[in-house]
Amino acid sequence: MSAGVPPAVSRAALALTGVPARTARRLSARTRTVVYRAGLADGRNVVIKLYAATARRNAITESAAIRAVADHVPVPDLIGYGHVPGHEATALVTADLGPLTLGSVMRSGRISNERALRDLAGLLGRLHRAPVRSGVPRRPLHEQVTSLGRRCPASSLDRIAPALAAIADAVHTAPVWCHGDLHGDNVVLVGPRVIRHLVDFTDAAAGPREADVAQTLVMTDALSTLRARTVTDAYPLTLDHHLVGAWVVFHTLRSWAHSSPGDDRALWARRLDDLSRRTPHLFRTRRPERTR
């Protein structure tokens with residue numbers, strides 16, 4: 001094992017690529033995953049994502065999603081995935097596409113925010129054309145609501161009851177592959193033609209296209225009418241805009257529930273209040289508090 005390479009990364013590289021890792025640099029760390037950029041002994045650079053034992057299903061789903069959508073939208077080459085010997089973790093290894101992301105070039109001013117939003121909409125459209133085979137994991141609404149209910153008070157769910165009803169009552173359409181977390185930093189620009197590649201399919205699942213479009217609106221703060229229209233106008237498939245709005249409300253509340261107390265949570269609370277003013281039909285009117 002090379003010095004400075006975490007044991008789990010070293011074992012994952014050897015087991016899934018057949019080549020030792022010489023270097024490793026951590027790119028991100030979350031509750032379920034830790035991601036490293038690793039240099040292999042044969043000169044290749046790869047990205048190794050380690051999943052906690054509780055997220056093993058996500059590793060399987062992510063590998064399935066990458067394979068399923070590769071003919072429709074650019075994604076990194078899948079090198080291998082599986083259990084890490086001697087560890088509880090599961091690993092996914094993909095080709096390293098480099099550090100340049102759509103988010104970074106937007107923040108540097110090299111492309112406009114509007115252009116970035118249009119690019120995201122186009123990528124979503126291509127992704128959503130990928131066929132979904134039987135047996136692909138889905139996230140039923142009741143499971144999502146139950147999970148959210150563990151993190152926020154019942155009054156918060158009651159507040160968005162009209163939005164939940166709109167989602168539950170929607171006409172069922174054929175599910176699409178949903179990325180689940182598409183924003184500028186999950187799009188890597190590759191080569192002289194700066195081809196946009198989708199990465200990080202940790203939250204991929206089959207579901208309604210409106211849910212995935214809404215998630216992108218929420219994660220890119222494209223919640224104003226003008227910014228939202230930039231995305232939906234550039235999205236090439238048919239959308240139920242009322243359903244998109246309902247999913248925006250749901251994803252915003254979920255972002256609030258998962259945010260850290262303090263400025264981060266206050267930001268999401270303000271966004272939720274703004275949505276309640278712009279789309280009051282998706283919220284239950286709050287009863288005025290009684291005065292004593």
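Reader: At what angle do helix H5 and helix H10 pack, and how far apart are their axes?

Author: In this predicted model, H5 (residues 141-149) and H10 (residues 241-258) pack at an angle of about 35°, and their axes are 10 Å apart. H5 passes H10 in a left-handed crossing.

Reader: Which residues of H5 and H10 meet?

Author: From H5, the residues are Leu141, Gln144, Val145 and Leu148; from H10, they are Trp247, Phe250, Leu253, Arg254 and Ala257. The contact divides into seven nonpolar residues, one polar and one charged.

Reader: What makes Arg254 the charged residue and Gln144 the polar one?

Author: Arg counts as charged together with Asp, Glu and Lys, whereas Gln is on neither the nonpolar nor the charged list and therefore counts as polar.

Reader: Why is Thr252 called buried?

Author: Buried means under 20% relative accessible area. Thr252 has a relative accessible area of 0%, and is therefore buried. Thr252 is found in helix H10, and beyond four places in sequence Thr252 touches Val218, Leu223, Trp268, Arg271, Leu272 and Leu275.

Reader: What makes the approach of the Thr252 side chain to the backbone oxygen of Val248 a polar contact?

Author: The two are 2.7 Å apart, and a polar contact requires a pair of N or O atoms within 3.5 Å, so the distance satisfies the cut-off.

Reader: Why is Leu50 called buried?

Author: The relative accessible area of Leu50 is 10%, which is under 20%, so Leu50 is buried. Leu50 is found in strand S3 (residues 45-51). Leaving aside neighbours within four places in sequence, its contacts include Ala8, Val9 and Ala12.

Reader: Which residues of helix H1 are buried, and what covers them?

Author: The buried residues of H1 (residues 7-17) are Ala8, Val9, Ser10, Ala12, Ala13, Leu16 and Thr17. What covers them includes strands S1, S2, S3, S4 and S5. H1 is followed by Gly18, whose phi is positive, near 80°.

Reader: Why is Val194 called partly exposed, whereas Asp200 is called buried?

Author: Val194 has 35% relative accessibility, which lies between 20% and 50%, so Val194 counts as partly exposed. Asp200 has 16%, which is under 20%, and therefore counts as buried.

Reader: What is notable about the phi of Val194 and of Asp200?

Author: Most residues other than glycine have a negative phi. Val194, in the loop between strands S7 and S8, has a positive phi of about 40° although it is not a glycine. Asp200, in the loop between S8 and strand S9, has a positive phi near 60°.

How values were computed
Residues are numbered from 1 along each chain as its sequence is written. This is a predicted model: local features need pLDDT of at least 70, side-chain atom pairs count only at pLDDT 80 or more; totals for chains, interfaces and linings use all residues. Side-chain values use heavy atoms; hydrogens and water are left out. Axes are lines fitted to C-alpha atoms, for helices over the stretch in contact, and angles run from 0 to 180 degrees between N-to-C directions. Helices (H or I, at least four residues) and strands (E, at least two) are DSSP runs, numbered from the N terminus. A crossing is left-handed if the near helix is turned anticlockwise from the far one by less than a right angle, and right-handed if clockwise. Contact means heavy atoms within 4.5 Å. Buried means under 20% relative accessible area, exposed over 50%, partly exposed in between (1.4 Å probe, protein chains only). A polar contact is a pair of N or O atoms within 3.5 Å; within protein, one must be able to donate a hydrogen and the other to accept it, and residues adjacent in sequence count only if both atoms are side-chain atoms.
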